[in-house]
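Let's take a walk through this protein, starting from one definition and working outward to the whole chain. Keep the 3D view open as you read.

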Amino acid sequence: MSATRTDIALPAPAPGTQRSLRVHRYGIPGARPKAYFQAALHADEIPGLLVAQHLLCRLEQAQTEGRVLGEVVVVPIANPIGLNQHLNGRLLGRFDFASTGNFNRGFPDLASAILAQIQGRLSTDPTTNVALIREALRAVLAEQSAVRETEALKLMLLRLAIDADFVFDLHCDSEASLHLYASHWQRDEAVALGAELGATVVLLEENPGGGPFDEACAGPWWKLREALAEQQDSIPLACFATTVELRGQADVNDELATADATALLRFLQRRGIIAGDPGPLAEPRCEPTPLDGVDVLTAPATGLLIYRKQLGDSVAIGEVVAELVDPLGDPPGMARTPICSAASGLLFARMTERLVRPGQKFCKVAGREPLSHRQAGKLLED
Ligand SMILES: [Zn+2]
């Protein structure tokens with residue numbers, strides 16, 4: 001069995017222009033467990049594109065040696081649309097120029113889409129139920145169609161991932177240490193993956209809102225368990241999906257990428273998808289913390305941003321993280337506004353630009369306790 005490579009055409013956005021989505025597949029189609037990787041759904045987040053290259057090399061080798069026991073699907077460029085969005089010489093790949101919004105928002109809630117058709121058909125056997133639910137998820141996506149290019153792209157990605165046991169959505173932040181997002185329902189998997197990758201922050205989400213890709217894949221399982229509470233013991237959480245933030249936008253080099261790809265492959269080995277000895281699991285570098293414990297520092301006004309804390313620094317509640325300098329302040333040179341953290345924890349991500357607008361979010365501190373000003377359903381920045 002050899003690896004396959006497919007290019008799926010997207011709808012032409014303009015005469016004479018057509019993009020496609022490349023998909024690599026390893027192992028036997030339908031073999032379990034299935035892992036799915038995609039890189040740079042936010043197209044200006046480049047580290048994942050290089051990690052995917054290292055991953056593909058390693059998977060080619062594993063396939064040749066007959067070591068792919070499950071199935072692995074890799075989309076090395078998840079967003080060819082965004083990769084072509086340049087403005088004034090800069091790549092801008094977070095929001096769709098064609099006005100559909102953030103590329104990693106607005107994925108559907110498939111639990112509600114399939115609830116009616118699986119109700120009354122579930123048994124007490126979890127394995128049968130997983131197969132039945134996956135079939136319903138695939139069927140509901142097969143029925144959907146999309147005319148616009150971006151909507152077609154999102155539908156294609158979701159079709160490739162929806163029946164996977166493990167979904168890895170590779171992103172990055174502006175400047176950041178390696179961190180990941182996962183559901184609080186899947187704490188153990190998140191901790192294990194975080195240990196493998198050396199993550200310094202593992203964020204557990206309860207109700208992030210916004211419809212990101214990872215929740216679209218993993219969410220149906222816990223949402224069905226909630227909706228069908230009397231049968232929840234026979235509905236496993238059959239998909240672990242995570243958003244892996246591979247540091248900052250400029251952290252693109254072979255040393256980091258090969259280490260990250262190796263860590264991801266070790267995770268696949270531990271889960272029986274790739275044969276081989278992954279060695280002992282590293283100690284986690286952090287305890288997981290709640291997403292609603294992240295203080296997202298926001299600029300109260302415009303100004304120059306002067307950080308007083310660096311990436312990886314511990315920050316106490318009330319400590320000054322940055323100062324805002326008003327270049328037109330009076331007396332000249334003295335108008336500085338300190339901006340303090342509302343959380344006690346690790347500074348793990350911050351904005352690269354050093355000029356802010358009023359209301360701009362510029363820095364994240366991962367605290368242990370949920371913060372009262374963070375609102376369920378609105379926990380992801382746009
Ligand atoms: Zn992203």
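Two residues are in contact when they have heavy atoms within 4.5 Å of each other. Keep in mind that what you're looking at is a predicted model.

With that in hand, find glutamine 186, which sits in the loop between β11 and α5. Leaving out residues up to four places away in sequence, glutamine 186 touches Ala218, Trp222, Leu237, Cys239, Phe240 and Ala241. Is glutamine 186 buried or exposed? Buried means under 20% relative accessible area, and glutamine 186 has 6% relative accessibility, so it counts as buried.

Step on from that loop and you reach helix α5, which covers residues 187-197. Its buried residues are Ala190, Ala192, Leu193, Gly194, Ala195, Glu196 and Leu197. What do they pack against? The partners are the strands β9 (166-173), β11 (179-183), β12 (201-205) and β13 (240-248), along with helix α7 (254-270). Right after α5 comes glycine 198, with a positive phi near 70 degrees.

Now for the inside of the protein. In soluble globular proteins, nonpolar side chains tend to be buried together. Here, the largest nonpolar core holds 46 residues, and Tyr36, Ile133, Leu157, Leu158, Val167 and Phe213 have the most contacts inside it. The elements giving two or more residues to this core are β2 (20-27), β4 (71-75), α2 (110-118), α3 (126-143), α4 (149-161) and α6 (213-227). Of these, α4 supplies the largest share, with eight residues.

Try zooming in on leucine 158. Setting aside neighbours within four places in sequence, leucine 158 is in contact with Phe107, Pro108, Leu110, Leu141, Phe213, Ala216 and Cys217. Apart from the largest core lies another one, made of 37 residues, including Leu59, Val74, Ala257 and Cys286.

Finally, zoom out. The chain has seven helices and 22 strands. Its radius of gyration is 21 Å, close to the 21 Å that the globule rule gives for 382 residues, so the chain is as compact as a globular protein of that length. Along the principal axes, the C-alpha atoms fill a box of roughly 70 × 55 × 45 Å. Of the 382 residues, 53% count as buried.

How far along the sequence do contacts reach? Among those between residues at least 6 apart, 73% join residues at least 24 apart. As for the surface, the chain exposes about 16,600 Å², with carbon and sulfur atoms supplying 53% of that area. There are 36 positive and 47 negative side chains, and the centres of these two sets lie 2 Å apart.

How values were computed:
Residues are numbered from 1 along each chain as its sequence is written. This is a predicted model: local features need pLDDT of at least 70, side-chain atom pairs count only at pLDDT 80 or more; totals for chains, interfaces and linings use all residues. Side-chain values use heavy atoms; hydrogens and water are left out. A nonpolar core is a set of buried Ala, Val, Leu, Ile, Met, Phe, Trp, Tyr and Cys residues joined through side-chain atoms within 4.5 Å. Buried means under 20% relative accessible area, exposed over 50%, partly exposed in between (1.4 Å probe, protein chains only). Helices (H or I, at least four residues) and strands (E, at least two) are DSSP runs, numbered from the N terminus. The radius of gyration is taken over C-alpha atoms; the globule rule is 2.2 Å times the number of residues to the power 0.38. Accessible areas come from the Shrake-Rupley method with a 1.4 Å probe; for residues, only the protein chains shown count as cover. Lys and Arg count as positive and Asp and Glu as negative; His and the chain ends are not counted. The place of a charge is taken as NZ of Lys, CZ of Arg, CG of Asp or CD of Glu.
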